[in-house]
Amino acid sequence: MTLESLGWSAFTSSWTGPSDLVPARVVSQQRGRLDIASEQGIQRAMLRGNLMDDPPVVGDWVAVRPLGEQALVERRLPRRTVIQRRRVGGGRPQVVAANVDCVGVVTSLDGDFNVRRLERYLAVVRGAGCDARILLTKADLADDPASFTARLTEPYTVVCAHDGRGVEEVRTWMDARTLALLGSSGVGKSSLINALMGREVRATGPISDRDGRGQHTTTTRDLLILPRGGCVIDT
């Protein structure tokens, strides 16, 4: 594992840390647990007290102090981009991922397809300053994909994770950058991640007999390093 494989090249000018601190990227966040990746590998990390109220999120770059098997996060580096979502009932938006270069807005070619919802996702992505592309999954289950794509005016890729259709096009578009996937539960984000990784790293669920949709399977927010370059975040 290298800093470059984690996307560090865009942050070299931001690193002014003392010699006893090292740069690392947050790769996992779950119920207060933080895992970081650096040239030393993946470690569990603790937060310095002043970071508790606004903790780093997946994709953040941080300055850490190695403490044997664990590390202490001393500060967060400036963010280039931020993906946020509004909280139910109002309040400060929740930051779900940081330092994302491009976002795949994922929807499946079934009952999940909703043009107005896609437009709302795209507005969030562009507001964050990220490149956006609609990723239409489960192409193998659609009798007539053109009936869906004819309603789109934005760039899109038709994807089938099971037979590999469109996966290489997604790789080319993201171009070894940090890709985040946004979309409803069960639209095939986990299957797409498995296809990009070239192996099963995410559990996937069967199609529901009740409504024909996929089922929610992912319960963590992680950053994964792709074997052919770049990183992917399932938000």
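## Exercises on strand pairing and helix α1

In this predicted model, Asp35 has Arg44 in β3 as its bridge partner.

**Exercise 1.** Place the pair Asp35 and Arg44 in its strands, and state the sense in which β2 and β3 pair.

*Solution.*
1. Strand β2 covers residues 33–38, and strand β3 covers residues 41–47.
2. The two strands pair in the antiparallel sense, over 5 bridges.
3. A hairpin of 2 residues joins β2 to β3.

**Exercise 2.** Trace the pairing outward from β3 to strand β5, and give the sense of that pairing.

*Solution.*
1. Strand β5 spans residues 70–76 and pairs with β3 over 4 bridges.
2. The sense is parallel, whereas β2 and β3 are antiparallel.
3. Within this pairing, Ala45 has Ala71 in β5 as its bridge partner.

**Exercise 3.** Find strands that pair with β1, with the number of bridges for each.

*Solution.*
1. Strand β1 (residues 22–30) is joined to β2 by 5 bridges, and the two run antiparallel; Gln30 stands opposite Arg33 in β2.
2. With β4 (residues 61–67), β1 forms 4 bridges in the antiparallel sense. Here Pro23 stands opposite Ala63.
3. With β12 (residues 221–225), β1 forms 2 bridges, again antiparallel. Gln29 has Arg221 as its bridge partner in β12.

**Exercise 4.** Compare the span of helix α1 with the span expected at 1.5 Å a residue.

*Solution.*
1. Helix α1 runs over residues 115–127, which is 13 residues.
2. The expected span is 1.5 Å times one less than the number of residues.
3. From the first C-alpha to the last, α1 reaches 18 Å, close to the expected 18 Å.

**Exercise 5.** Which residues of α1 are buried, and why do they lie on the same side of the helix?

*Solution.*
1. Taking buried as under 20% relative accessible area, the residues are Leu118, Leu122 and Val125.
2. They lie on the same side of α1 because they cover an arc of only 60° around the axis.
3. The buried residues pack against β8 (102–108), β9 (131–137) and β11 (178–182).
4. On the other side of α1, Arg116, Arg120 and Gly127 are exposed.

**Exercise 6.** Identify the residue that caps the N-terminal end of α1, and the residue with positive phi that follows the helix.

*Solution.*
1. The N-terminal cap is Asn114: one of its side-chain oxygens lies 3.1 Å from the backbone nitrogen of Arg116.
2. Arg116 is itself exposed.
3. After α1 comes Gly129, with a positive phi near 80°.

Terms used:
Residues are numbered from 1 along each chain as its sequence is written. This is a predicted model: local features need pLDDT of at least 70, side-chain atom pairs count only at pLDDT 80 or more; totals for chains, interfaces and linings use all residues. Side-chain values use heavy atoms; hydrogens and water are left out. Buried means under 20% relative accessible area, exposed over 50%, partly exposed in between (1.4 Å probe, protein chains only). The arc is that of the directions from the helix axis to the C-beta atoms. Contact means heavy atoms within 4.5 Å. A polar contact is a pair of N or O atoms within 3.5 Å; within protein, one must be able to donate a hydrogen and the other to accept it, and residues adjacent in sequence count only if both atoms are side-chain atoms. Two strands pair if DSSP finds at least two bridges between them.
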